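Please keep the sequence and the three-dimensional view side by side while reading. The paragraphs below begin with the chain as a whole, turn to its sheet, and end with a pair of helices.

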Amino acid sequence: MKTAAILAAGLMICALQARAGEEPAKEGPSVAHRILLYIPNRVLDVFDMVRARVRLGPGIAVGARVTDYADFYVGSYLSVYAGLPGPRCRRMPRLPVGLETQTGVEVSVADAATGLGLDPGYSKTEIGLGAHVLLIGADIGIDPVEIVDFLGGFFLWDPRKDDF
Ligand SMILES: [Ca+2]
């Protein structure tokens, strides 16, 4: 009898602990939050769809991509860029001007290229190409997932999870 009572008390403690460990249901942003940031989020989403950077600085490089799995890059450059910076892949917007560098070789997922934090920041689903010749470079691209994200945004769907 005593053993059964201890066992029952133990089971109750376990059940209570399991309940205490349950995550509360996650709530999304409030309606007021969504209304206030609806327009800014759509504006940021529209700029994510296209990359169109020009670069100025020394280097030589060539690259092309149809997603991160079918891409190649070889070269080295150190430049300032201006233009549409391409997908954010985060909430904070990218500036339309800045420093950009990339050095090395990349073929598909074998990536030995680095920009030491100042690389172009391609999204994994981007399609585009770029080249750098002596002092001038250009990089253009489009991201189909960002197009879906932009269109979905009108219906409050945010597949890229980049809305404020
Ligand atoms: Ca979005």
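**From the chain to its parts**

Read along the sequence, the protein chain of this predicted model follows the pattern α-α-α-β-β-β-β-β-α. Its secondary structure thus comes to 4 helices and 5 strands. Of the 164 residues in the protein chain, 24% count as buried. Among the contacts that link residues at least 6 apart in sequence, 55% join residues at least 24 apart.

The strands are a good place to look next. An open sheet of 5 strands is arranged in the order E4-E3-E2-E1-E5, and its pairing is antiparallel. Strand E4 (110-114) and strand E5 stand at the edges of this sheet, where each has a single partner strand, so that one side of each is left without a neighbour in the sheet. If direction is ignored, neighbouring strands of the sheet are turned by 35° against each other on average.

Within that order, strand E1 can be followed to the partner on either hand. On one side, E1 (residues 50-66) runs antiparallel to E5 (residues 127-142), and 15 bridges join the two strands; here Ala52 of the one strand stands opposite Ile140 in E5. On the other side, E1 pairs with E2 (residues 71-85), again in the antiparallel sense, over 13 bridges. Two of the positions in this second pairing can be located by residue: the bridge partner of Arg53 is Gly83 in E2, while Leu56 has Val80 in E2 as its bridge partner. E1 and E2 also form a hairpin, with 4 residues between the two strands, and in the turn Thr67 has a positive phi of about 75°.

The helices offer a second view of the packing. Helix H3 (residues 38-48) and helix H4 (residues 144-153) pack at an angle of about 160°, and their axes lie 8 Å apart. Since angles over 145 degrees count as roughly antiparallel, H3 and H4 are therefore roughly antiparallel to each other. The crossing in which H3 passes H4 is left-handed.

Which residues of H3 and H4 make the contact? From H3 come Asn41, Arg42, Asp45, Val46 and Asp48, and from H4 come Glu146, Asp149, Phe150 and Gly153. Sorted by character, the residues of this contact of H3 with H4 divide into 2 nonpolar, 2 polar and 5 charged.

Note on methods. Residues are numbered from 1 along each chain as its sequence is written. This is a predicted model: local features need pLDDT of at least 70, side-chain atom pairs count only at pLDDT 80 or more; totals for chains, interfaces and linings use all residues. Axes are lines fitted to C-alpha atoms, for helices over the stretch in contact, and angles run from 0 to 180 degrees between N-to-C directions. Angles under 35 degrees count as roughly parallel, over 145 as roughly antiparallel, 65 to 115 as roughly perpendicular and the rest as oblique. A crossing is left-handed if the near helix is turned anticlockwise from the far one by less than a right angle, and right-handed if clockwise. Two residues are in contact if their C-beta atoms, placed from the backbone, lie within 7 Å. Ala, Val, Leu, Ile, Met, Phe, Trp, Tyr, Cys and Pro count as nonpolar, Asp, Glu, Lys and Arg as charged, and the others, Gly among them, as polar. Two strands pair if DSSP finds at least two bridges between them. A residue is buried if 20 or more other C-beta atoms lie within 10 Å of its own, exposed if 12 or fewer, and partly exposed in between; C-beta atoms are placed from the backbone.
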